[in-house]
Amino acid sequence: LDCSISLGFPGSIASLRQQFGRAGRAGRSGVCILVAWDDPADQFFVRRPLELTMRRPESVAVAPAAAPVLRAQLQCAAAERPLES
């Protein structure tokens with residue numbers, strides 16, 4: 001993927017970086033574009049672009065031992081790498 005275009009700020013720096021990280025993998029250059037709308041968060045970052053590029057991603061709080069989280073993680077793991085006998 002050579003270019004990633006995000007239509008509006010996705011709500012977190014972490015999510016935006018994940019979207020932008022899809023462009024330019026495997027040692028290749030990529031281009032990332034954020035199309036800002038009239039949403040307050042979009043306008044905040046349009047006026048303060050360094051805040052967008054220099055801010056650290058938000059911390060994530062999750063309880064990995066919680067049954068719903070664990071169940072979902074196990075399903076994903078099984079789909080990615082099935083157990084072999």
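Here is a walk through the structure above, from its overall layout to a few individual residues. Keep in mind that this is a predicted model.

Let's begin with the general plan. The chain contains four helices and two strands. If you follow the sequence from start to end, these elements come in the pattern β-α-β-α-α-α. Now for the overall form: the radius of gyration is 17 Å, while the globule rule gives 12 Å for 85 residues, so the chain is more spread out than a compact globule. You can also look at how far the C-alpha trace reaches along its principal axes, which is about 55 × 30 × 20 Å.

How much of the chain is buried? Buried residues account for 14% of the 85 residues. The accessible surface of the chain adds up to about 6,900 Å², and carbon and sulfur atoms contribute 58% of that surface. Contacts tell us about the fold too: taking those between residues at least 6 apart in sequence, 52% join residues at least 24 apart.

Next, let's step inside. The largest nonpolar core is built from five residues, namely F9, I13, L16, F45 and L52. A good one to start with is I13, which sits in helix α1. Why is I13 called buried? Its relative accessible area is 1%, and buried means under 20%, so I13 falls in that class. Setting aside residues up to four places away in sequence, I13 touches F45, L52, R55, R56, P57 and E58. Two of these partners, F45 and L52, are also members of the core. The C-alpha atoms of I13 and M54 are 9.8 Å apart, although 41 residues separate the two along the chain.

Another core member worth a look is L16. Once its neighbours within four places in sequence are left out, L16 is in contact with S6, F9, P10, L34 and L52. If you compare the two contact lists, you will find L52 in the one for I13 and also in the one for L16.

Now let's move to the outside. Here I5, L7, V31, I33 and W37 make a nonpolar surface patch of about 510 Å². Strands β1 (3-7) and β2 (31-35) each supply at least two residues of this patch. One patch member, V31, is found in strand β2. Is V31 buried or exposed, or something in between? With a relative accessible area of 46%, V31 is partly exposed, because that class covers values between 20% and 50%.

Finally, consider the charged side chains. The structure holds two salt bridges. In one of them, D2 pairs with R28, and their closest N and O atoms lie 2.5 Å apart. This pair links distant parts of the chain, 26 residues apart: D2 belongs to the segment before β1, and R28 to the loop between α1 (13-20) and β2. D2 has a relative accessibility of 45%, so it counts as partly exposed.

The other salt bridge joins E51 and R55, with 2.7 Å between the closest N and O atoms. E51 is partly exposed, with a relative accessible area of 33%, and R55 is partly exposed with a value of 33% as well. You have already met R55 in this tour, since it is one of the residues that I13 touches. Try finding R55 in the structure, then look from there to E51, its salt-bridge partner, and to I13, its contact in helix α1.

Conventions
Residues are numbered from 1 along each chain as its sequence is written. This is a predicted model: local features need pLDDT of at least 70, side-chain atom pairs count only at pLDDT 80 or more; totals for chains, interfaces and linings use all residues. Side-chain values use heavy atoms; hydrogens and water are left out. A nonpolar core is a set of buried Ala, Val, Leu, Ile, Met, Phe, Trp, Tyr and Cys residues joined through side-chain atoms within 4.5 Å. Buried means under 20% relative accessible area, exposed over 50%, partly exposed in between (1.4 Å probe, protein chains only). Contact means heavy atoms within 4.5 Å. Patches are made of residues with over 30% relative accessible area and no salt bridge: like charges are joined within 9 Å, nonpolar side chains (Val, Leu, Ile, Met, Phe, Trp, Tyr) within 5 Å. Accessible areas come from the Shrake-Rupley method with a 1.4 Å probe; for residues, only the protein chains shown count as cover. A salt bridge is a side-chain nitrogen of Lys or Arg within 4 Å of a carboxyl oxygen of Asp or Glu. The radius of gyration is taken over C-alpha atoms; the globule rule is 2.2 Å times the number of residues to the power 0.38.
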